[in-house]
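Please open the structure in a viewer and keep the sequence panel at hand. The tour below proposes a series of selections and describes what is found at each.

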Amino acid sequence: MAGDIHILVSDAQAGKRLDALLGSLDGCPSRSACAHLIEAGAVALNGETCLSKKQIVSVGDRISIELPEEEEPGVVVPQNIPLDIRYEDDYLIVLSKQRGLVCHPAHGHASGTLANALVYHCGADHLGTLQGEDRPGIVHRLDRDTSGLMLAAKDDDTQRALQDLIRLRTLDRRYITLVHGYVAHDEGTINTGIARSTRDRVKMAVSDDPFARQAITTFRVLERFDASRGDDGYTLLECHLYTGRTHQIRVHMRHINHPCVGDPLYGRGNERADRGLTRQFLHSWRVRFDHPVTGETIECRDELPWDLSAVLEELAPASLGRTEVGDEIVPQLGLWEG
């Protein structure tokens, strides 16, 4: 199975439990498998993620299901891939994912993923499986070439609790991105629907389709850089995710005509203006949340990797100055001196 399924609840379907309704549909897996999809955050009700398999549906409700990849999930074998762990206890891990590392096995990436590394580090029986047996421990994903902090869970209860924090928008995730052009406003909010592109199924797109899922990104300008021959300047942003849609920041930056520098999917395809980057300038630099078991506030920060840092060092002479929040954040990014 693969792709998305969209349903508009009819009179005959109204009053059913969500898992029972999905399990009765052609193209959907069994009721129990649908329950796992719901718990994994793969089902949206009227544009919002629904994590309750017992939810009763009503006439006119819009339901969207993100089905798994076509390949049948197999056993995730342990592989000794180095993990850059920033926090770990008996319940969860905060780690910094390197660029180029896929989060879990999928078409074209049967092994060599973060999931394989987590199984090696923790053991298959000590990771949450709400996302599926082929995605052990995974709470949320980063794109293959997006670097930085992400969370993994060691049991189903912790995984469910962390996903609830994301759904309730209380897990604070901050990203650093360098975008093309001069962003005039010091801060802003982008609130749109996002759905799979009808022109290119590899891409996501801003959409007003009734089945599009709500996506909210706020941003703050940290620093601006003057234009030069071959580019129209750059702006360094901190982005705050309130939802976690596929490619969300990259799609939203493209939507406001300030695509991420180096982005191979949503960018401008100008090697010179991309400053030689072969991946999107996007880094998960800070996460903050209340531990679902101990109640302790966990906060981790991650400096920019050398390739992104080097771009900022190269642009430094063209700086038009930092904002007040930029004066606070940029020194924490550990700029690389090359």
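Select helix H6, residues 306–315, to begin: seven of its ten residues are buried, so the helix is largely enclosed by the rest of the structure. Here buried means under 20% relative accessible area, exposed means over 50%, and partly exposed lies in between, with a 1.4 Å probe and protein chains only. Helices (H or I, at least four residues) and strands (E, at least two) are DSSP runs, numbered from the N terminus. The model is a predicted one, in which local features need pLDDT of at least 70, side-chain atom pairs count only at pLDDT 80 or more, and totals for chains, interfaces and linings use all residues. Residues are numbered from 1 along each chain as its sequence is written, and side-chain values use heavy atoms, with hydrogens and water left out.

Within H6, display the side chains of Asp307, Leu308, Ser309, Ala310, Val311, Leu312 and Leu315, which are the buried ones. Then add the elements that cover them, among them strand S7 (147–153), strand S8 (172–180), strand S11 (213–225), strand S12 (234–241), strand S13 (282–290) and strand S15 (319–322). Cover is judged by contact, meaning heavy atoms within 4.5 Å.

**Strand S8 and its partners**

Keep S8 selected. Nine of its nine residues are buried. Which residues lie on each face of S8? Asp172, Arg174, Ile176, Leu178 and His180 are on one side, while Arg173, Tyr175, Thr177 and Val179 are on the other, and both faces are covered.

Now bring in the partner strands; two strands pair if DSSP finds at least two bridges between them. S8 and S13 run antiparallel and are joined by six bridges. To locate this pairing, select tyrosine 175, which stands opposite serine 284 in S13. S12 also pairs with S8 in the antiparallel sense, over eight bridges. Here the residues to pick are threonine 177 and, opposite it in S12, leucine 237. Strands of a sheet pair through backbone hydrogen bonds, either parallel or antiparallel.

**Two loops with positive phi**

Move next to the loop between helix H4 (156–167) and S8, where arginine 169 lies. The phi of arginine 169 is near 65°, a positive value in a residue other than glycine. Arginine 169 is partly exposed, at a relative accessible area of 31%.

The next stop is histidine 247, in the loop between S12 and helix H5 (248–255). Histidine 247 likewise has a positive phi, of about 60°, although it is not a glycine. Is this residue buried or exposed? Histidine 247 counts as buried, with 14% relative accessibility.

**Helix H2 and the four-stranded sheet**

Select helix H2, residues 31–39, and show Cys34, Ala35, Leu37, Ile38 and Glu39, which are buried. Their cover includes helix H1 (18–23), S2, S4 and H4. Just after H2, glycine 41 takes a positive phi of about 85°.

From here, select the open sheet of four strands, whose order is S1-S4-S2-S3 with antiparallel pairing. Strand S1 (4–8) and strand S3 (48–49) stand at the edges with a single partner strand each, so one side of each has no neighbour in the sheet. Strand S2 (residues 43–45) and strand S4 (residues 62–66) are joined by three bridges. In this pairing, alanine 44 stands opposite serine 64 in S4.

**Asparagine 80**

Follow the chain into the loop between S4 and strand S5 (84–88), and select asparagine 80. Asparagine 80 is exposed, with a relative accessible area of 58%. A distance drawn from its C-alpha atom to that of glycine 321, 241 residues apart along the chain, gives 44 Å.

**The whole protein**

Finally, select everything. The protein contains seven helices and 15 strands. Its radius of gyration is 20 Å, close to the 20 Å given by the globule rule for 338 residues, so the protein is as compact as a globular protein of that length. This radius is taken over C-alpha atoms, and the rule is 2.2 Å times the number of residues to the power 0.38. Along the principal axes, the C-alpha trace spans about 65 × 40 × 40 Å. Of the 338 residues, 51% count as buried. Among contacts between residues at least 6 apart in sequence, 67% join residues at least 24 apart.
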